[in-house]
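Work through the exercises below with the structure open. Each task is followed by a stepwise solution.

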Amino acid sequence: MTESSPGQRPTGVLPDKRQVAASFSRAAASYDSVAALQRRVGGNLLAALPDMPSPTRWLDLGSGTGYFSRALAARFPQADGVALDIAEGMLRHARPAGGARQFVVGDAEHLPLREDSVGLVFSSLALQWCEDFAGVLSEVRRVLQPGGTFAFSSLCSGTLQELRDSWQAVDGLAHVNRFRPLATYQALCNESGLRPLALEVRPEVLHFADLRQLTHELKALGAHNLNPGRPGGLTGRARLRALVAAYEQLRQSAGLPATYQVVYGVLRKES
């Protein structure tokens with residue numbers, strides 16, 4: 001990803017949202033089988049929620065298969081819950097398990113909700129796919145009630161750096177999804193009109209037996225390479241052998257490392 005100035009919106013470096021929606025819709029049935037990291041991160045985000053009275057209504061933004069919609073429903077049983085995702089296939093998969101009272105196909109940059117209509121917006125590992133993060137923050141501020149909370153986790157640059165570096169040694173093309181730098185998250189949160197209560201990065205390192213296991217997991221999550229300008233067609237055997245050889249140089253006793261740089265943020269709408 002081109003490192004832009006902190007408050008500047010990066011242009012043309014994140015995937016087209018229609019491709020994101022289609023990819024995650026296709027992955028709905030396989031997602032939960034490989035979502036251990038996603039559940040750990042979302043659990044961390046739930047634990048980071050400040051002490052607060054039960055909201056009358058919450059929004060699970062980028063709700064996916066509904067795992068955290070169900071967790072929010074358990075935590076706030078009297079509240080009205082809305083699960084919103086851009087991927088219709090995810091919502092179809094989530095609806096039979098319940099949790100939210102409403103399942104809505106929608107875009108985080110253009111929320112189909114009224115002003116001051118929710119007390120909590122919760123979003124775990126979804127907003128890294130939104131190019132206009134400033135627009136997301138503006139929409140969240142619009143729909144939050146005064147005193148409401150916005151809690152999110154996302155990914156920043158440095159995520160899957162081992163895979164990126166290994167590809168760089170092979171051909172230098174964009175084979176790995178790019179994410180905005182931490183400085184951009186910091187600047188945009190500070191400029192959002194919401195009060196940041198917490199904003200930090202915590203790396204999460206997963207280990208895989210081999211490269212095939214990693215790439216299979218990314219595909220099952222729907223999070224394989226969606227970059228604009230990504231190479232088309234099949235990857236040749238010689239390049240795959242070179243990639244495996246490059247990644248193997250990074251092997252640790254636990255396996256091949258894959259680092260996720262996870263951003264956690266908690267913000268409040270003061271008025």
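**Exercise 1.** In this predicted model, place Arg57 in its strand and decide whether Arg57 is buried or exposed.

*Solution.*
Step 1. Find the strand. Arg57 belongs to E1, which covers residues 57–61.
Step 2. Take the relative accessibility of Arg57, which is 13%.
Step 3. Apply the cut-off: buried means under 20%. Arg57 therefore counts as buried.
Step 4. Look for a polar partner. The side chain of Arg57 makes a polar contact with the side chain of Gln102, at 3.0 Å.
Step 5. List the surroundings, leaving aside neighbours within four places in sequence. Arg57 is in contact with Ala79, Asp80, Val82, Gln102, Leu113, Ser117, Val118, Gly119 and Leu120.

**Exercise 2.** Write down the strand order of the open sheet, and say which strands stand at the edges.

*Solution.*
Step 1. Trace the seven strands. The order is E3-E2-E1-E4-E5-E7-E6, with mixed pairing.
Step 2. Pick out the edges. These are E3 (102–105) and E6 (195–208). Each has a single partner strand, so one side of each has no neighbour in the sheet.
Step 3. Add the twist. On average, neighbouring strands of this sheet are turned by 15° against each other, direction ignored.
Step 4. Zoom in on one pair. E5 (residues 144–155) and E7 (residues 256–268) pair in the antiparallel sense, over seven bridges. Thr149 stands opposite Arg268 in E7.
Step 5. Add the helix on the sheet. H6 packs there and touches E1, E4 (118–124) and E5. The direction of H6 makes about 150° with that of E5.

**Exercise 3.** Describe how H6 and H8 cross, and say which residues make the contact.

*Solution.*
Step 1. Choose the descriptors. Two packed helices are described by the angle between their axes and the distance between the axes.
Step 2. Fill them in. The axes of H6 (residues 133–143) and H8 (residues 182–190) come within 10 Å and cross at roughly 35°. The crossing is right-handed.
Step 3. Name the residues. H6 contributes Phe133, Ala134 and Leu137. H8 contributes Tyr185, Leu188 and Cys189.
Step 4. Classify them. The contact of H6 with H8 has six nonpolar residues, no polar and no charged.

**Exercise 4.** Which residues of H8 are buried, and what covers them?

*Solution.*
Step 1. Read off the buried residues of H8. They are Thr184, Tyr185, Ala187, Leu188 and Cys189.
Step 2. Identify the cover. It includes H6, E5, E6 and E7.
Step 3. Link back to the crossing. Tyr185, Leu188 and Cys189 are buried, and they also take part in the contact with H6.

Key. Residues numbered from 1 in each chain as written. Predicted model: local features only at pLDDT ≥ 70, side-chain atom pairs only at ≥ 80, totals over all residues. Heavy atoms only, no water. Helix = DSSP H or I, 4+ residues; strand = E, 2+ residues; numbered from the N terminus. Buried < 20%, exposed > 50% of the residue type's maximum accessible area, 1.4 Å probe, protein only. Polar contact = N/O pair within 3.5 Å; in protein donor to acceptor, adjacent residues only side chain to side chain. Contact = heavy atoms within 4.5 Å. Axes fitted to C-alpha atoms, helices over the stretch in contact; angles between N-to-C directions. Left-handed = near helix turned anticlockwise from the far one by under 90°. Nonpolar A, V, L, I, M, F, W, Y, C, P; charged D, E, K, R; others polar. Pairing = 2+ DSSP bridges.
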